[in-house]
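Reader: I should be grateful for a close look at a single part of this model. Would you please describe one helix with care and then place it in its surroundings?

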Amino acid sequence: MIQILLLVFIGIALFFVFLKIAVQGPPASAPDSSAVLAVRQMVQLEGLSFAGGQRLLDPAEFRMLNSTAELREVAALYRKERQVLALLWISLLQEDVNGLWRFRRFLVRNGVPATLREEVQILSAAIRAVLFLTFLRAIVRTMGPFAFSGGAQDARLLVEKMSYASASVLGRLPRNGWPEIERNWQKSLA
Amino acid sequence: MIIYFGAALEALLVWRLLKGGMWRVYPSFFFFVLYIVAQNAALFAIFRLAPSSYATWYWRTGIVHVCLRFLVIWEVFRQTFPEPSPLRRLVSRQFTLATLAVVTVLTGMLWAVQTYGKFHSVYLAMERSFGFVQAVLILAILIVARYYHLRIGRNIWGIAVAFGMYSSLSTAVSAFIDLMHSYFPYWQLLAPLSFVAMLGMWTWAVWVYAPNETAAADEMLDPANDLRRWTEDWGRTVSTVRKVMHP
């Protein structure tokens, strides 16, 4: 009796798990890696190119220093430095998001084919990234750099996702047209 | 209405798999689809010609159907972790062991459940036990693929998710029916409806040829290998001819 009842509940739970996967849709195919690199060069994604973001918010070293009474002062100094660096990195990521958003609009304005659905998706991704980065900035500012260590990877992933969206649009153009796009983009920035 | 819609979807599915030779890429899945078509055609004929034996054949072919559903899992597994992939070696042993363990436990449960005495349907008992195993296995494949960042193409993604939804729903519903026999008429409606929904999703999934990225990469590599082999063979032939002409 209990076994069958358990199967009813497990079956329903599994169904909802699959339903969630179905609603998320099939995984989008990764854009061409050369297009991703080209976007990173064109938009100069400084925040994304910094690989040590996760380490910046990692509290392991701070805890190690803080556990020794003689090193508490050093630990406090270390924490303050990390806070400044983390805030700097987050602001670079915010600039990356703005840059990618502008670049995407620039591409579409210049006639690169894109669907309305894609535009809505990129807009929602940009809003999510901006909101998350603002939240992360507030957390780091008020509670210190180590309060939300898992946030570094999420922040990076959000910006990376936006760069993929721009790369997928750029990838629709022939490669020999990319230098011209880059020149026009630099001109539009000036 | 559901029967005709299902038959139309089955025909579309078979046509799409035959067109462009997609059935060669997904042979186990294609075999299962063919079984579904044959099962439904046979049951339809029995219903018309010998309606008294319809119920017996419905349950018998249903049991085979439940067992053959493992072919779909195998297809998803072999497409997600193809033969040359190092992940295949990593997960295949654990996968086989887990499958054997879960199947053994649930087969035991199948015969041991107290309520089985009240409701004598081996099919429903198999449906809920095997459906649970199948849903868990397909979910495990999807989770491992996600963990290793393997990109699953639309074909396999659609097949796996639709199959998972159907298996989990059939587990819940057939277990519920065993508990509350009075809901049996709803099961008679819900079971074919969920099956037709799965067929619809499968048709959508295979409508465009979108294999997993690893499989696509293998296909892309194949012509290069063939060309390299051909060039080597041709070079050997030319040098042999030269040796023969100028010994």
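Author: Helix H9 of chain A, in this predicted model, covers residues 178–189. Its 12 residues should span 16 Å at 1.5 Å a residue, and because its end C-alpha atoms are 16 Å apart, the expected and the computed span agree. This helix is hardly covered: among its 12 residues, the count of buried residues is 0.

Chain B also has a helix H9, which comprises residues 184–207. For its 24 residues, the rise of 1.5 Å a residue leads to an expected span of 34 Å; the end C-alpha atoms are 35 Å apart, which agrees. H9(B) does contain buried residues, namely B:Val196, B:Met198, B:Leu199, B:Trp202, B:Thr203, B:Ala205 and B:Val206. These buried residues pack against three helices of chain B: H1, H2 (22–25) and H8 (154–179).

Helix H1 of chain B, residues 2–18, is where B:Ile3 is located. B:Ile3 counts as partly exposed because it has 13 C-beta neighbours inside 10 Å, whereas a residue is called buried from 20 such neighbours upwards. Although 190 residues separate B:Ile3 from B:Leu193 in sequence, their C-alpha atoms are 9.2 Å apart in space.

Finally, the two chains may be considered together. In chain A, 20 residues are in contact with 25 residues of chain B. On the side of chain A that touches chain B, 17 residues are nonpolar, 3 are polar and none is charged.

Terms used
Residues numbered from 1 in each chain as written. Chains lettered and ligands numbered in written order. Predicted model: local features only at pLDDT ≥ 70, side-chain atom pairs only at ≥ 80, totals over all residues. Helix = DSSP H or I, 4+ residues; strand = E, 2+ residues; numbered from the N terminus. Expected span 1.5 Å × (residues − 1). Contact = placed C-beta atoms within 7 Å. Nonpolar A, V, L, I, M, F, W, Y, C, P; charged D, E, K, R; others polar.
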